[in-house]
Amino acid sequence: MSINTANDRLFKFRIGRVWVTTFLLVISFFIVWNVFWFTHYVVPLPQDDAKLWSYHRRRVEREGNNSIVLIGTSKMQRGFDQNKFTDLTGRKSIQLAIVGQSPIPILQNLAEEESFNGIVICDFSEFIVYQSEMYPNSFNIPNEWIKVYQESKTSDDFEFRLRTYSTYLIANPTLGANLPEALKNVITGKAFEKKTIDKMQGGVQPTYFDRSLIFNLDDYLSQEEKNEIIEKNRIVPIKAMEEMIEKYPPQPTKFLEIVRKIEGYVEKIQARGGKIIIVNFPLSGELEKLNDIAFPRKDFWDVFTKQSSARTIHYKDYPQLQFECSDGSHLDAKDTPQFTESLVEIIRKDLPK
Amino acid sequence: MVFNSLTFILFFIIILILHNLPFSWRVKKFNLLIASYIFYAAWSPPFVILLWVATVIDWFVAQWMARTDDKKKRKKILLISLIANLGMLGYFKYGNFLLANFVSLVKLLGIDYQPPESSILLPIGISFYTFVTLSYTIDIYRKEIEPAKSFLDYSLLITFFPHLVAGPILRAAQFLPQCLEERKATLQQLGWGFSLIVLGLFDKVVLADGIVAPVSDAVYWMKGNVSWTQGWIGSFAFTAQLFLDFNGYSLCAIGSALCLGFVFPDNFRFPYAAIGFSDFWTRMHISLSSWLRDYLYISLGGNRKGTFRTFCNLMITMLLGGLWHGATWHHVIFGGISGGLLVIEIILVRYFGAIDFLKTKLAQFGLMLLTFFVFSVSLVMFRAPGVGNALRMYGSMFSFADSDKILFSNPQGIAIIVVILWLLTSHWLLRNSSLEETFSKMPWWLHSLILSLLIIVIILTPGENRTFIYFQF
């Protein structure tokens with residue numbers, strides 16, 4: 001045997017003392033670490049990233065025609081109460097909506113999966129769908145997440161679960177964009193400044209494990225911080241819509257092309273026995289007004305309804321779906337159970353018994 | 001399953017418990033074998049069949065070969081093993097490459113051949129376990145070892161999970177004797193085995209994935225030109241990544257085997273302290289370099305047939321070594337560069353080797369830096385996604401090109417420089433020593449403090465869970 005082995009060079013050391021001390025030092029460090037960070041807005045939550053999405057996408061694969069899939073944007077993630085839905089229907093839903101992204105790539109991905117014939121509830125916003133078709137690279141994020149899913153394996157689910165559980169054991173604040181940045185922030189003390197939850201847990205949205213975003217800000221933020229976030233969320237979509245209107249004024253003919261593309265995917269899934277339900281979620285205030293001007297209902301939504309074989313629901317047609325959104329585009333936490341209940345009543349006949 | 005995953009930690013705890021329960025040695029080996037198949041199947045269950053095929057073929061070939069002394073017959077039997085093993089490797093690893101080159105070749109002849117779309121997947125670790133099985137049958141052919149008496153022991157040689165997917169490439173003579181009597185780690189082996197796993201994970205998770213890989217990836221995946229500083233930092237970052245990633249894997253493999261009472265050979269010996277390329281390849285990926293030396297270079301005649309043949313043999317060995325790393329032309333070219341550097345070194349040593357100054361500490365240090373520098377430059381061809389990209393990268397590095405694209409932040413760039421300096425210094429200081437010797441001189445509390453710090457940083461290091469570089473080979 002070769003003499004070049006770790007075993008040949010093995011030396012005597014106080015193994016018990018070394019490893020017990022190591023264990024105690026590590027445990028003590030993490031007790032102090034957790035106490036510090038859990039009092040600084042760090043909560044044990046996973047981040048809404050490609051891996052979490054991919055984990056839920058594989059659930060669709062497993063559950064097949066029994067699955068009820070939610071797609072769309074943060075409006076779906078914040079507005080649809082998955083627990084309430086389960087209470088009302090006895091069925092679990094799978095959240096595949098992605099913050100700020102068009103649902104079309106996800107719908108296409110589901111349509112291309114030959115075995116999928118479940119129910120899709122899609123949050124449809126004329127603005128997001130139209131904007132995504134206009135701007136180059138706007139499908140990058142959904143496509144990248146789909147790629148992560150396609151390259152993942154069933155065994156990754158186990159690792160993913162373990163990593164998620166570990167976030168409950170050890171606080172996982174984002175101290176920097178990468179390790180060297182984090183080190184710099186630790187050295188300069190920037191890492192220890194008190195931040196709001198969305199900043200503390202990275203650029204990626206913190207979420208519950210079922211991918212419903214943390215909407216109940218009351219648990220984590222002061223009124224002042226809450227108002228700041230609501231104001232930011234109110235302004236961002238208005239600015240984005242104004243910018244798009246200026247750059248790419250919405251055209252019904254272009255929209256019709258998008259509608260036809262969507263219809264191709266809808267037909268594919270429904271031909272296999274699946275069902276697509278498209279819901280236009282509530283808007284309020286300035287954003288609602290702007291949306292009505294940019295996308296007049298008769299030229300856009302009504303055209304879409306006529307062309308689509310999917311079940312279509314517009315909040316304006318159902319008084320029970322009309323709610324005031326504090327930030328203009330997302331339902332308030334207090335209203336989501338009621339909204340979900342009303343929606344379930346409307347679509348109940350489309351849901352499996 | 002990868003070492004840097006929580007799944008592996010859980011898996012390993014279960015294996016350790018099972019291995020220390022009062023089962024018979026045979027049952028324990030059987031447990032390890034089943035665990036190794038689970039370890040492999042976690043990546044892709046169907047490819048376990050391929051592993052079985054390789055195992056079974058070489059088992060029967062070896063038994064058959066041992067029954068005859070007729071040299072011609074033994075050669076023919078060996079040929080079966082070579083065809084089966086290299087055939088599988090050729091199909092899965094080089095199928096797409098050969099087809100693409102065939103299409104290009106016939107296109108030159110004016111034939112527009114469109115082959116059906118190929119979807120050959122590369123089974124993880126195939127290059128490694130093929131070399132293990134090949135060395136087994138070649139050693140029996142050369143009558144250097146006897147065939148294994150137990151199919152269980154032999155299967156464990158091929159499949160044992162710590163080395164299965166990325167080495168060290170084991171030889172039957174190193175491993176089979178260890179299967180004869182019960183292996184149970186002593187407390188010292190267990191304690192040091194865990195220390196090696198921690199050191200390996202630190203190399204991989206913190207230094208390789210946390211610091212150097214994001215920079216190297218950003219530079220090498222850049223579609224346009226990069227600035228000369230970005231080019232050099234990216235190039236050095238990959239030199240560091242290659243060692244840290246693979247040494248990290250090897251330390252975890254050696255450490256986890258040691259925790260189970262098994263002994264693996266070293267795979268790295270502070271390679272960036274090498275003085276010249278002959279020295280370098282005795283320190284870098286030792287189990288592959290020695291495999292290529294013993295089964296290819298020596299089989300070709302080694303240095304026994306004159307200078308010209310020696311040079312040819314070196315070139316062939318290194319070109320095939322390059323091809324082993326990947327079915328691409330840029331890997332082959334990297335092999336060619338490595339072979340060329342060895343040839344140049346032999347010529348230079350012949351003419352200038354006797355100069356006394358070159359034996360001084362200062363000159364040796366300078367030669368070490370030169371070796372590191374030249375290896376880093378040659379590695380651009382290895383890492384770049386293609387020959388064109390590599391040439392573009394060389395263009396940026398040597399032309400003082402400028403670019404306004406920001407690929408990494410200042411702290412990231414500084415961190416690369418620190419890691420490189422740390423690697424060079426530690427390798428130089430430890431070039432004739434070992435980790436064991438270093439730790440043996442430490443007081444127990446310092447050993448403990450180092451382990452604690454490493455564990456804490458490993459747990460806290462942000463970033464994605466990258467697989468090991470050598471999994472793709």
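**Contacts, burial and strand pairing in a two-chain model**

Tutor: In this predicted model, 35 residues of chain A are in contact with 41 residues of chain B.

Student: Which helices of chain A each supply at least two residues of the side that touches chain B?

Tutor: They are H1 (15–38), H8 (154–169) and H9 (179–188) of chain A. H1(A) gives the most, with nine residues.

Student: What makes a residue on that side of chain A nonpolar, polar or charged, and how many are there of each?

Tutor: Asp, Glu, Lys and Arg count as charged, and residues such as Ala, Val and Leu as nonpolar, with the others polar. On that basis the side of chain A that touches chain B divides into 17 nonpolar, ten polar and eight charged residues.

Student: Why is B:Ser216 called buried?

Tutor: The term requires 20 or more other C-beta atoms within 10 Å. B:Ser216 has 24, and is therefore buried. B:Ser216 is found in helix H9 (residues 187–220) of chain B. Leaving aside neighbours within four places in sequence, B:Ser216 is in contact with B:Gly234, B:Ala237, B:Phe238 and B:Gln241.

Student: Why is helix H5 (residues 104–112) of chain A described as largely enclosed by the rest of the structure?

Tutor: Seven of its nine residues are buried, so the description applies. The buried residues of H5(A) are A:Ile104, A:Pro105, A:Ile106, A:Leu107, A:Asn109, A:Leu110 and A:Ala111.

Student: What covers the buried residues of H5(A)?

Tutor: The cover includes strands E1 (68–71) and E3, together with helices H6 (126–134), H7 (140–151) and H12 (252–271), of chain A.

Student: How do H5(A) and H7(A) cross, and which residues make the contact?

Tutor: Their axes come within 9 Å and cross at roughly 35°. A:Pro105, A:Ile106 and A:Asn109 of H5(A) make the contact with A:Pro142, A:Asn143 and A:Ile146 of H7(A). These residues divide into four nonpolar, two polar and no charged.

Student: How do you know that strands E3 (residues 119–123) and E4 (residues 275–280) of chain A pair?

Tutor: Pairing requires at least two bridges. Five bridges join E3(A) to E4(A), in the parallel sense, so the two strands pair by that criterion. As one example, the bridge partner of A:Ile121 in E4(A) is A:Ile277.

Student: What joins E4(A) to strand E5 (residues 311–314) of chain A?

Tutor: Four bridges do, and the two strands run parallel. With at least two bridges as the requirement, E4(A) and E5(A) therefore pair. In E5(A), A:Ile313 is the bridge partner of A:Val279.

Methods:
Residues are numbered from 1 along each chain as its sequence is written. Chains are lettered from A and ligands numbered from 1 in the order in which they are written. This is a predicted model: local features need pLDDT of at least 70, side-chain atom pairs count only at pLDDT 80 or more; totals for chains, interfaces and linings use all residues. A residue is buried if 20 or more other C-beta atoms lie within 10 Å of its own, exposed if 12 or fewer, and partly exposed in between; C-beta atoms are placed from the backbone. Two residues are in contact if their C-beta atoms, placed from the backbone, lie within 7 Å. Axes are lines fitted to C-alpha atoms, for helices over the stretch in contact, and angles run from 0 to 180 degrees between N-to-C directions.
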